[in-house]
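Reader: I have a chain open in the viewer and would like to talk through how its parts fit together. Could we go step by step?
Author: Certainly, and we can begin once the sequence and the coordinates are on screen.
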Amino acid sequence: ALKLVRAHGHAVAFIVPDARSFAPEPSDALERRLYAVYGRGEERRIRETRALIGRYGVPVVVAQRRDPAAAALMRAQRLQRAA
């Protein structure tokens, strides 16, 4: 599918949400520990996504809750041009 999209002159980027930024702030010690464990899982998921998708030359942009959608798309476009 990626070859077909590129053959038609389209650029491709992958936007992955950082789910940690969508979670509420932890309010006690237990929540902070759980948040830290969850955060390590999210870091691994993002790292693995970059490795898997990146091997095809597709830039991976991490979007945070605070990011306007347009900002993530603009980062993706800059990465596409740089690739």
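Author: Before we start, contact here means heavy atoms within 4.5 Å, and please keep in mind that this is a predicted model.
Reader: Fine, then which residues does Thr49 touch, not counting those up to four places away in sequence?
Author: With those neighbours left out, Thr49 touches Phe14, Gly54 and Val60. Thr49 itself lies in helix 2, and two of the residues named, Phe14 and Val60, are bridge partners, Val60 being in strand 2.
Reader: Is Thr49 buried or exposed?
Author: Buried means under 20% relative accessible area, and because Thr49 has 15% relative accessibility, it counts as buried.
Reader: And what does the side chain of Thr49 reach at 2.8 Å?
Author: That side chain reaches the backbone oxygen of Arg45, with 2.8 Å between them.
Reader: Which other residues of helix 2 are buried?
Author: Along with Thr49, the buried residues in helix 2 include Gly39, Glu42 and Ile46. An α-helix has 3.6 residues a turn, so residues three or four places apart point the same way. As for what lies on the other side of the contact, the buried residues of helix 2 pack against strand 1 and strand 2.
Reader: What about the length of helix 2, how far apart are its end C-alpha atoms?
Author: They are 37 Å apart, and because 26 residues at 1.5 Å a residue should span 38 Å, the distance agrees with what is expected of helix 2. At the start of this helix, a side-chain oxygen of Asp28 comes to within 3.2 Å of the backbone nitrogen of Leu30.
Reader: Switching to the strands, how many bridges join strand 1 to strand 2?
Author: There are 4 bridges between strand 1 (residues 14-17) and strand 2, and the two run parallel. One of the facing pairs is Val16 with Val62 of strand 2. Taken with helix 2 (residues 29-54), the two strands make a right-handed β-α-β unit.
Reader: Which way do the residues of strand 2 point?
Author: In strand 2 (residues 60-63), Val60 and Val62 point one way while Val61 and Ala63 point the other way, and all of them are buried.
Reader: Now the loop between strand 1 and helix 2, where Ser21 lies: what does the Ser21 side chain have 2.8 Å away in the backbone of Arg65?
Author: A polar atom of that side chain lies 2.8 Å from the backbone nitrogen of Arg65, and the backbone oxygen of Asp18 also lies 2.8 Å from a polar atom of the Ser21 side chain. Leaving aside neighbours within four places in sequence, Ser21 is in contact with Ala63, Gln64 and Arg65. Ser21 has a relative accessible area of 18%, so it is buried.
Reader: Last topic, confidence: which element has the lowest mean pLDDT?
Author: Helix 3 has the lowest mean pLDDT, at 78, whereas helix 2 has the highest, at 94. Across the protein the average is 88, and 99% of the residues score at least 70. Ala82 is in helix 3 (residues 69-82), and because its relative accessible area is 66%, Ala82 is exposed.

Conventions. Residues numbered from 1 in each chain as written. Predicted model: local features only at pLDDT ≥ 70, side-chain atom pairs only at ≥ 80, totals over all residues. Heavy atoms only, no water. Buried < 20%, exposed > 50% of the residue type's maximum accessible area, 1.4 Å probe, protein only. Pairing = 2+ DSSP bridges. Right-handed = clockwise from strand over helix to strand, strands pointing away. Expected span 1.5 Å × (residues − 1). Polar contact = N/O pair within 3.5 Å; in protein donor to acceptor, adjacent residues only side chain to side chain. pLDDT = per-residue confidence, 0-100.
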